[in-house]
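Trainee: I would like to learn how to read a structure feature by feature. Where do we begin?

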Amino acid sequence: MPIPESELIINRDGSIYHLHLKPEHLSDRIITVGDPDRVPLVSQYFDEIIYSGRKREFVTHTGYYKGKLFSVISTGMGTDNIEILMTELDALVNVDLVTRIARQEHTTLKIVRVGTSGSLQADVPVDSLLASTFGVGLDSLMTFYPIQYNAYESHIATEVQTCLQLPFKPYCVKGSEYLLSRLANNLLQGMTVTCPGFFAPQGREVRIKPALPDMMSTLSKLSFEQNRLTNFEMETAGYYAMGRMLGHEVLSLNAIVANRIERTFSEQADEVIDRLILHTLENF
């Protein structure tokens with residue numbers, strides 16, 4: 001059955017609603033960044049840019065790097081944006097946008113998030129690079145989806161809920177083993193906590209005292225079969241969950257620009273992000 005116009009919105013020019021992309025604008029090898037201004041920091045290394053477009057916070061450049069076709073797309077912040085991004089990227093390759101019927105043959109996208117993050121562990125230093133083995137979501141996005149978890153993931157989610165005394169159950173999803181094997185060489189690895197905000201949801205206090213004042217200390221002490229919660233950010237768990245349900249390979253790579261335990265911030269954040277971009281392009 002065709003997907004109704006109200007459920008999958010197509011612009012008059014044939015592009016998908018939020019991303020404003022057509023299938024021919026997209027590579028199956030995608031790098032995502034949060035900040036729209038970071039897109040040209042990636043595409044500056046392309047040998048050739050064959051497409052450039054923008055709609056809202058979603059900026060896309062598609063081009064060639066050493067003979068490989070890449071798309072780099074900005075997402076803005078938060079798992080709400082990631083839900084839009086992942087759903088529309090999937091529709092571009094797995095739905096006929098003219099007939100609105102899902103294609104019988106599934107196309108798998110390879111998606112790598114290149115973003116910044118704050119460390120939850122004293123020994124995960126500022127200016128290091130870290131690959132997320134799991135995403136632990138403290139947001140409510142998966143309340144609305146029928147995702148399946150394995151026993152280990154469910155155990156982690158339950159432990160996090162219990163330790164923080166949360167009124168809702170978090171979710172935990174493993175990242176792509178395929179992409180981890182290609183991109184995690186020489187990087188730290190750890191379990192990434194995805195938060196629904198930047199300040200109180202990550203334990204920060206400016207003028208409002210967080211409702212969970214011991215959040216960082218509590219999370220930093222949790223361990224699961226020698227795996228630790230290593231860092232905070234705002235998208236990874238949403239990527240991993242949507243990737244699992246839609247059948248795409250997804251990995252989150254993090255430039256550690258702050259150490260929340262040591263209360264330090266990078267003096268060379270731009271250089272660290274650039275190092276992560278080059279690492280991704282070379283190994284993707």
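**Reading the model**

Mentor: Start with one salt bridge: Arg 228 pairs with Asp 123, with 3.1 Å between the closest N and O atoms. This pair joins distant parts of the chain, 105 residues apart. Arg 228 sits in strand β12, and Asp 123 in the loop between β7 and β8 (129-137). Keep in mind that this is a predicted model.

Trainee: Is Asp 123 buried or exposed?

Mentor: Apply the cut-offs: under 20% relative accessible area is buried, over 50% is exposed, and anything in between is partly exposed. Asp 123 has 51% relative accessibility, so it counts as exposed. Arg 228 has 30%, so it is partly exposed.

Trainee: How many salt bridges does the structure hold?

Mentor: It holds 7 salt bridges. Some share a residue. Arg 113, Glu 233 and Glu 235 are linked in a network.

Trainee: Which distances belong to that network?

Mentor: Glu 233 and Arg 113 meet through their side chains at 3.6 Å, N to O. Here strand β12 (residues 227-233) supplies Glu 233, strand β7 (residues 110-119) supplies Arg 113, and the two positions lie 120 residues apart in chain numbering. The side chains of Arg 113 and Glu 235 form a salt bridge at 3.4 Å, N to O. That pair is 122 residues apart, with Glu 235 in the loop between β12 and α6 (236-246).

Trainee: Are these charged residues buried or exposed?

Mentor: Arg 113 and Glu 235 are both buried. Arg 113 has a relative accessible area of 5%, so it falls under the 20% cut-off. Glu 233 has 3%, so it is buried too.

Trainee: Now a helix. How do I check the length of α3?

Mentor: Compare the expected span with the distance between the end C-alpha atoms. Helix α3 covers residues 151-164, which is 14 residues. At 1.5 Å a residue it should span 20 Å. Its end C-alpha atoms are 20 Å apart, so the two values agree.

Trainee: Which residues of α3 are buried?

Mentor: Tyr 152, Glu 153, Ile 156, Ala 157, Val 160 and Leu 164 are buried. Their arc around the axis is only 140 degrees, so they lie on the same side of α3. Ala 151 and Thr 162, on the other side, are exposed.

Trainee: What should I look for at the two ends of α3?

Mentor: Look at side-chain contacts at the start and backbone angles after the end. At the start of α3, a side-chain oxygen of Asn 150 comes to within 3.1 Å of the backbone nitrogen of Tyr 152. After α3 comes Gln 165, with a positive phi near 55 degrees.

Trainee: How do I read a single residue in a loop, say Ser 128?

Mentor: Take location, burial and contacts in turn. Ser 128 is in the loop between β7 and β8. Its relative accessibility is 11%, so it counts as buried. A polar atom of the Ser 128 side chain lies 2.6 Å from the backbone oxygen of Pro 125. Leaving out residues up to four places away in sequence, Ser 128 touches Leu 188, Asn 254, Ala 255, Ile 256 and Val 272.

Trainee: And a residue in a strand, such as Thr 192?

Mentor: Use the same steps. Thr 192 is in strand β10 (residues 188-194). Its relative accessible area is 0%, so it is buried. The side chain of Thr 192 makes a polar contact with the side chain of Ser 132, at 2.6 Å.

Trainee: Which residues does Thr 192 touch?

Mentor: Not counting residues up to four places away in sequence, they include Leu 130, Phe 134, Val 136, Glu 233 and Asn 254. Glu 233 is also part of the salt-bridge network. Thr 192 and Asn 254 are 62 residues apart along the chain, and 9.3 Å separates their C-alpha atoms.

Trainee: How do I step back to the whole protein?

Mentor: Count the elements, then check the overall dimensions. The protein has 7 helices and 14 strands. For 284 residues, a compact globule would have a radius of gyration near 19 Å; the protein has 19 Å, so it agrees. Its C-alpha atoms fill a box of roughly 50 × 40 × 40 Å along the principal axes.

Trainee: What share of the residues is buried?

Mentor: Buried residues make up 54% of the 284. For contacts with a separation of 6 or more, 75% come from residues 24 or more positions apart.

Methods:
Residues numbered from 1 in each chain as written. Predicted model: local features only at pLDDT ≥ 70, side-chain atom pairs only at ≥ 80, totals over all residues. Heavy atoms only, no water. Salt bridge = Lys/Arg side-chain N within 4 Å of Asp/Glu carboxyl O. Helix = DSSP H or I, 4+ residues; strand = E, 2+ residues; numbered from the N terminus. Buried < 20%, exposed > 50% of the residue type's maximum accessible area, 1.4 Å probe, protein only. Expected span 1.5 Å × (residues − 1). Arc of directions from axis to C-beta. Polar contact = N/O pair within 3.5 Å; in protein donor to acceptor, adjacent residues only side chain to side chain. Contact = heavy atoms within 4.5 Å. Rg over C-alpha atoms; globule rule 2.2 N^0.38 Å.
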